[in-house]
Amino acid sequence: MTTSIKQTPPSTSTKRRMPGWAKVVTAFVLVLVVLFAGLRLAVLPGLRDLFGTETHDRSGPALLTSIQDMSRYDAATGNFQVVVDLEKDAKYLPDAIRGTRTLYVGAGTVDAYVDLGTLGEKDVTVNSDRTSATLRLPHAVLGKPALDPDHSYAVSKQRGLLDRIGDIFSGNPNSEQAVQKLAAKHIGEAAKDSRLTSRAEANTTGMLKGLLHSLGFEEVTVSYGA
């Protein structure tokens with residue numbers, strides 16, 4: 001008589017053992033999670049100093065390249081602020097894939113000045129007893145806009161996936177040069193529409209009259225023209 005022995009397959013409910021390398025990786029990941037969580041939540045004292053960054057200024061000395069003699073009188077300064085909303089899109093790709101949008105607050109100044117270095121003998125007339133003087137000056141002009149880095153900042157930056165990947169390999173990631181140039185352009189245009197040059201001419205007139213009156217001139221006339 002033959003007795004058959006039937007082997008029962010192993011139960012599917014039996015858990016497989018985790019390989020040793022998997023345990024090591026899991027433990028390592030858990031340690032990192034705990035460390036960084038403690039760093040962010042300040043749970044572990046002294047850990048922030050351990051992983052903190054240090055800034056080292058290894059810049060070379062500044063070199064004087066040139067000197068320019070200035071003959072202009074800076075008579076007025078305008079303070080401006082502009083919000084730049086710069087968006088760049090790809091033609092056939094959605095913004096989530098390719099495209100950037102930057103919201104930037106630009107603060108800067110524009111000077112208005114009168115160039116006194118162009119005055120000639122015919123532009124200054126003094127009477128014989130030196131009691132009256134007439135000056136003819138060129139009109140005030142605007143200088144270049146100067147952005148203030150302490151009060152200019154990016155509010156938000158949105159970049160598509162391809163742009164984010166490009167930032168990784170770029171030598172100048174997240175460059176704000178484009179919005180800074182645009183902010184300076186808008187500030188310069190606003191200065192042209194303002195009465196900054198008129199204010200500069202009025203201030204220059206007041207300065208010259210006060211100076212010449214202190215030198216004994218009783219009547220001082222200042223005019224502006226080419």
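Here is a short chat about a salt bridge and a sheet in this predicted model.

Colleague: What makes Asp74 and Arg72 a salt bridge?

Modeller: The closest N and O atoms of the two residues are 3.0 Å apart. The cut-off is 4 Å between a side-chain nitrogen of Lys or Arg and a carboxyl oxygen of Asp or Glu, so the pair qualifies. As background, side chains of opposite charge can pair when their charged atoms come close.

Colleague: How many salt bridges does the structure hold?

Modeller: Just one.

Colleague: Why is Asp74 called partly exposed?

Modeller: Its relative accessible area is 41%. Buried would need under 20% and exposed over 50%, so Asp74 falls in between.

Colleague: And why does Arg72 count as partly exposed?

Modeller: Arg72 comes out at 31% relative accessibility, so it also sits between those two limits.

Colleague: On to the sheet. How do you know that β3 and β4 pair?

Modeller: Three bridges join β3 to β4 (residues 132–137). Pairing takes at least two bridges, so these strands pass. They run antiparallel, and Thr125 has Thr134 in β4 as its bridge partner.

Colleague: Which strands make up the open sheet, and in what order?

Modeller: The order is β3-β4-β8, with mixed pairing.

Colleague: What makes β3 and β8 edge strands?

Modeller: β3 (124–126) and β8 (219–224) each pair on one side only. From one strand to the next, the twist averages 10 degrees.

Colleague: Which helix packs on the sheet?

Modeller: That's α5 (residues 196–214), which touches β4 and β8. The direction of α5 makes about 155 degrees with that of β8.

Conventions:
Residues numbered from 1 in each chain as written. Predicted model: local features only at pLDDT ≥ 70, side-chain atom pairs only at ≥ 80, totals over all residues. Heavy atoms only, no water. Buried < 20%, exposed > 50% of the residue type's maximum accessible area, 1.4 Å probe, protein only. Helix = DSSP H or I, 4+ residues; strand = E, 2+ residues; numbered from the N terminus. Axes fitted to C-alpha atoms, helices over the stretch in contact; angles between N-to-C directions. Contact = heavy atoms within 4.5 Å.
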